[in-house]
Amino acid sequence: MDFLFPLLILALLVPMFLGIRRQKKEAAKVTVLQDSLSVGDRILTTAGLHGTVVALGDDTIDLEIAPGVVTTWSRLVVRERIVDSPLEGDGAIDHESISTEAPATDTVRGDRENGGDTTPRLNKD
């Protein structure tokens, strides 16, 4: 029974230590990213805003969020760099293959008191 208390303390401290260690590694990665930004990079902020870097200051960053709309942000809000994957082919979309009609649905009706199903289902025609 004398070894139960130290074992309990160890069981609580080890996961906490591992969590703190992981957080420090993630914070270091974000710091390196924020220091390595350059003009033209596409980024995502902690608020979920997508933008393109147009100017860099010591503590601030100017982002173009729409054509001709430039806003100033703190460098600390940059969460990640967005890397666009290249499109396959010429990037053209075949508009004839896109269907504008909504899929037909079929609702199975039933009595809710008796366990009937009222979930809409897609027709498999």
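Two strands count as paired if DSSP finds at least two bridges between them. Keep that rule in mind as you move around this predicted model, in which local features need pLDDT of at least 70 and side-chain atom pairs count only at pLDDT 80 or more, while totals for chains, interfaces and linings use all residues. Residues are numbered from 1 along each chain as its sequence is written, and side-chain values use heavy atoms, with hydrogens and water left out.

**Stop 1: the whole chain**

Show the protein chain as a cartoon. You will find one helix and seven strands, and along the sequence they follow the pattern α-β-β-β-β-β-β-β. Helices (H or I, at least four residues) and strands (E, at least two) are DSSP runs, numbered from the N terminus.

Now switch on the surface. The accessible area of the protein chain is about 10,400 Å², and 58% of this belongs to carbon and sulfur atoms; such areas come from the Shrake-Rupley method with a 1.4 Å probe, and for residues only the protein chains shown count as cover. Of the 125 residues, 11% are buried. Buried means under 20% relative accessible area, exposed means over 50%, and partly exposed lies in between (1.4 Å probe, protein chains only).

**Stop 2: helix 1**

Select residues 4–35, which make up helix 1, and pick out Leu8 within it. Is Leu8 buried or exposed? Neither label fits, because its relative accessibility of 49% makes Leu8 partly exposed.

Add Phe5, Ile9, Leu12, Leu13, Met16 and Ile20: together with Leu8 they form a nonpolar surface patch with about 700 Å² of accessible area. Patches are made of residues with over 30% relative accessible area and no salt bridge; like charges are joined within 9 Å, and nonpolar side chains (Val, Leu, Ile, Met, Phe, Trp, Tyr) within 5 Å.

Further along helix 1, select Glu26 and Lys29, which sit three residues apart, about one turn of the helix. Their side chains meet in a salt bridge (3.9 Å, N to O). That term means a side-chain nitrogen of Lys or Arg within 4 Å of a carboxyl oxygen of Asp or Glu. Glu26 is partly exposed at 43%, whereas Lys29 is exposed at 55%.

**Stop 3: strands 1, 2 and 5**

Next, select strand 1 (residues 42–45) and strand 2 (residues 50–56), which pair in the antiparallel sense over three bridges. Which residue of strand 2 is the bridge partner of Leu44? It is His50. The two strands form a hairpin with four residues between them, and Gly48 in the turn has a positive phi of about 95°.

Strand 1 also pairs with strand 5 (residues 78–81), again antiparallel and over three bridges. Here Thr45 stands opposite Val78.

**Stop 4: a second salt bridge**

Select Asp41 and Arg81, whose closest N and O atoms are 3.3 Å apart in a salt bridge. Asp41 lies in the loop between helix 1 and strand 1 and Arg81 in strand 5, so the pair ties together parts that are 40 residues apart in sequence. Asp41 is buried at 15% relative accessible area, while Arg81 is partly exposed at 31%.

**Stop 5: the nonpolar core**

Finally, select Leu33, Leu37, Ile43, Val53, Ile61, Leu63 and Val78, the seven residues of the largest nonpolar core. Such a core is a set of buried Ala, Val, Leu, Ile, Met, Phe, Trp, Tyr and Cys residues joined through side-chain atoms within 4.5 Å. Centre the view on Ile61: leaving out residues up to four places away in sequence, it touches several residues, including Leu37, Val53, Trp73 and Val78. A contact here means heavy atoms within 4.5 Å.
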